[in-house]
Structure formats: C-alpha cells, structure tokens
Amino acid sequence: VNEQTKQVNIEVPAGTDVKALVPTIIVSDKATVTPASGTQVDFTNPVVYTVKAEDGSTAAYVVTVTVKGEVNPGGNTTVTDPQELNGTIDKHTTLKDLGLPIDYIIDGTLWISGNATLTIEKGVTIAFASSSSAIDVAGDCGLVMKGTKDMPIQFTGVPTNPGSGAWDRIALHSSRKENVWEYVEFINGGSNEEMVAILEEAKVTIKNCTFKGSDSDAIWVNGAATVLAAENNIFEDNAGYPIVVNDFRTLDTFSDNSFKNNDNEMIRINAYWFEKGNKYTFKNPGIPYFLHNGARAIDNGTTCTIEEGVTFIVKEAESVNFEYETKLIVKGTEKAPVTFKGLADDMYWNGLFLYCSRSESINIENLIVSEGGYEDNSQAIYIDNDAKGTMKNVKVSNSNAYGIKLGNRGNEEPHIST
C-alpha cells in the first residue's frame, strides 16, 4: 500500500480469475469501506475503494490486481508498483509502458540535465505526487514524447488529488529540434503558473495533444522560443488562457487547434512591437486574439496581413499603431469581417492609428472597429495625412469619442480611397 499516492497493488497466483474476487478488508472499528469487505468484485480494471473514518473524512484507494507472470501492454513481465522518479536524470533514459494505471510517480521536481534525452513511449501514464511537482528540461537536453491516438501519454495528478492544479508544470528550455510531442495529454497541472512553459530559446513540435484542467494558463511560449508546429491540439477547461505568447511570430505555426470551456477563451499576446521589416499573417484560430499591450508596427517595411474572420480584443486604454513605412492588409469578407474591439461594451481602447505612407500601404476590406476612443476628443480610427491606400466596408460603432478622424497637418488630406 502506497499511502502517499493511495495506490494498492496486489499480485495473485497464475491462473487466478480476477473477475470474481472476494477480498477481506480490515479497517478500524468505527470506519467503513465501500465496496464492503466480503463483496465479490471484478478486478479486470483498477477498483476504487473509499474508506470513511469516524469523523466523516474519506480517503480513496485505487486497488490494482495483477496475475503473476502475465505480460502487460508494454511487453514486460507484470510490474505491480509504479516507479518513483525524483532528483536528476543526466543520461539518456526511456520510460516504457508498465501496464499500470500509473506507471511512474514524480515527487518534487524531476530535472533533466547535462545532455540527456528523456524519451517517453506510448501508453505511459505519469502522476505528480503534489502541487509542487514538476519536470524541468535543461537547454542541452531533449524531451521526446510520441504517443498514439489509442495509447496516448498522460501527465496527471495522483488519484487522491484529481482536480485542477494537482501538479505544477513542465518547463522546456531545450533548443533541440528532436523535441517532438505527439498524442500527449497534460491534465490538471498549472498549480503555480502555466501548465506547460516553452522557455528561453527552446524548440518544440506539438501535435494532437490535449491541454485540460490547468489551474492557470495551459501553455506559455517565451519570445525567443520557437514552436516548429502546433497542430490539431485540444485546449479545454483551463482556468486561464489556453495559449499565451510573447512574440507575434510564434502564432505562424499554430493551426487547426480547438478550444472549449476555457475561462479566458482568447489567445493572449504579450508582445507590443512588430519587428522591423518582417511579414506577419494572422489566421483565424476560432477564438479572439487578446492584445494585452496593444500593438505597434514601426518603419522599414513591416507588413501585417489579417485574414477573414479574425477578431482582436484590445486591452483597455491600449492602441494599435501602423506607422509610416509599414503596410496593413485586412482581408475581411461580408460574412467573416475582421474585428477590433474592447473587452466589454464599456471597456474602451485607444483606437487604430494608420500612418502608413508607402504607396497603397493600406488595403482594408470589411473591417469592424468598436469600443475605440478611450481618451476624450479621440477616435476609434485615426488616419494620418500621409496615409495611402484603400478602405472599403469599414464599420465603426460604440466609440467613446469620434468614429474616424483625419489628420489635420496643413491642408493635405490622407490619400485614402473608399
């Protein structure tokens, strides 16, 4: 009996029929247990026994019965107890499926150091012993996790702590391209901050993974990190944001992900500056982007393209600026316009500022701007004297001040056709 994890592992002789066992369970005089002692139980799968003490408190134990000599799904002779992992792994290590409800338990922080690669095979379940338990992968190391649809890899809490925030996080510092995560389920972490952190100059590919039940944000990507691909992932029931990024370019590789029942159903962008001369394309992820610090595209040929159906929510009092040598292309349609708006009807942001002075540097179709004009005597959209381009089917609503204001330096007017 493992009192820490509340796991009970029992091995019975070869040939025993585990479908009709009648266990005898001894508890203290005034305690009760369910199922009751002497009750016939099918142990083909793990069974939860709940012990109720005299004071009304309860404890749930997961009882697993294995037959001596049988082979588990990982192909090894039966193992009855999960292996405990703690301290440091500093050499190449592979975690195999032991065929248990929980194969490995991490107590504290498991450090992957040196130049070690930790490989986790399909079907492995890893439980974290407490809300302070975590995995930290150093910069010269690797973390390879390749599950399958039928045999995913899972990170979760112990059975006695089944709720969100049961463990801390997985932090990846590694810049190795071999960091590939496929069919991995990250469940009920995020006790402190995000459940998964891609840090420093880390590189990773994330496909067909599930991020569920974080007590904070699901995944956070540092500005210098690179997500090589993030496709067909599920973000569900997380208490914070499903995705937080510190660089606009990070979003280029996110596609076909799904989002459901997250408390902040937006992709939070902490960046402010678009880098000079770069090209950025915003695709519709199915939920809004949240510009926590607004946004600013400065000179030297930066181009920003926004595809149909994209919605930006801008934090109160923040601005979105496209300056003189930049280019803005908005590809909204009548059925799927591009939208910039505030967090709520009465939470105003500072507005969209267009200074774009390159020839035809503004090309906007089917744009909705609402809740702009945060400051008195300001506007939802400002168009500078030097701005050049085309604006068609633009709708401004619920501005705190003016709708559209044109530049008034001298007698020159903006070169905008509508």
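In this predicted model, the number of disulfides is zero. Cysteine 304 takes part in no disulfide, as the nearest cysteine sulfur belongs to cysteine 356 and lies 9.7 Å away. A disulfide would require the two sulfur atoms to be within 2.5 Å. In general terms, a disulfide is a covalent bond between the sulfur atoms of two cysteines.

Cysteine 304 is buried, because its relative accessibility is 2%. Cysteine 141 is likewise classed as buried, because its relative accessibility is 0%. A third residue with a low value is glutamate 194, which is buried at a relative accessible area of 7%. The table collects these three residues.

| Residue | Relative accessibility | Class and source |
|---|---|---|
| Cysteine 141 | 0% | buried |
| Cysteine 304 | 2% | buried |
| Glutamate 194 | 7% | buried |

Glutamate 194 belongs to the loop that connects strand S15 (184-187) with strand S16 (196-198). What does the side chain of glutamate 194 contact? A polar contact at 2.5 Å joins the side chain of glutamate 194 to that of arginine 169.

Cysteine 304 also appears in the lining of the largest cavity. The structure contains one cavity of 30 Å³ or more, and the volume of the largest cavity is about 50 Å³. Its lining is made up of Phe248, Phe274, Phe282, Leu291, Ala295, Cys304, Ile306, Phe312, Val320, Phe322 and Phe340. By class, the lining comprises 11 nonpolar residues, with no polar and no charged ones. Which strands each supply at least two residues of this lining? Strand S30 (303-306) and strand S32 (319-322) do so.

The strand pairings can be described next, beginning with S9. Strands of a sheet pair through backbone hydrogen bonds, either parallel or antiparallel. Strand S9 (residues 125-128) directs Thr125 and Ala127 one way and Ile126 and Phe128 the other way. Are these residues of S9 buried or exposed? All of them are buried.

S9 pairs with strand S7 (residues 104-112) in the parallel sense, over three bridges. S9 also runs parallel to strand S12 (residues 153-157), to which four bridges join it. Alanine 127 of S9 has a named partner in each of these pairings: isoleucine 105 stands opposite alanine 127, and threonine 156 in S12 is a bridge partner of alanine 127.

An open sheet is formed by seven strands with parallel pairing, in the order S6-S8-S11-S14-S17-S20-S23. Strand S6 (93-95) and S23 are at the edges with a single partner strand each, so one side of each has no neighbour in the sheet.

Within this sheet, strand S17 (residues 203-207) runs parallel to strand S20 (residues 226-231), and five bridges join the two. Lysine 203 is placed opposite threonine 226 in S20, while isoleucine 206 has alanine 230 of S20 as its bridge partner. S20 then pairs in the parallel sense with strand S23 (residues 254-255) over two bridges. There, serine 255 in S23 is the bridge partner of glutamate 231.

How values were computed:
Residues are numbered from 1 along each chain as its sequence is written. This is a predicted model: local features need pLDDT of at least 70, side-chain atom pairs count only at pLDDT 80 or more; totals for chains, interfaces and linings use all residues. Side-chain values use heavy atoms; hydrogens and water are left out. On a 1 Å grid over the protein atoms alone, a cavity is a set of points where a 1.4 Å probe fits but cannot get out, and a pocket is an open set with protein on both sides within 12 Å along at least five of seven lines; lining residues have an atom within 4 Å of a point. Grid points are joined across faces, edges and corners, and a volume is the space filled by probe spheres set on the points. Ala, Val, Leu, Ile, Met, Phe, Trp, Tyr, Cys and Pro count as nonpolar, Asp, Glu, Lys and Arg as charged, and the others, Gly among them, as polar. Buried means under 20% relative accessible area, exposed over 50%, partly exposed in between (1.4 Å probe, protein chains only). Two strands pair if DSSP finds at least two bridges between them. A polar contact is a pair of N or O atoms within 3.5 Å; within protein, one must be able to donate a hydrogen and the other to accept it, and residues adjacent in sequence count only if both atoms are side-chain atoms.
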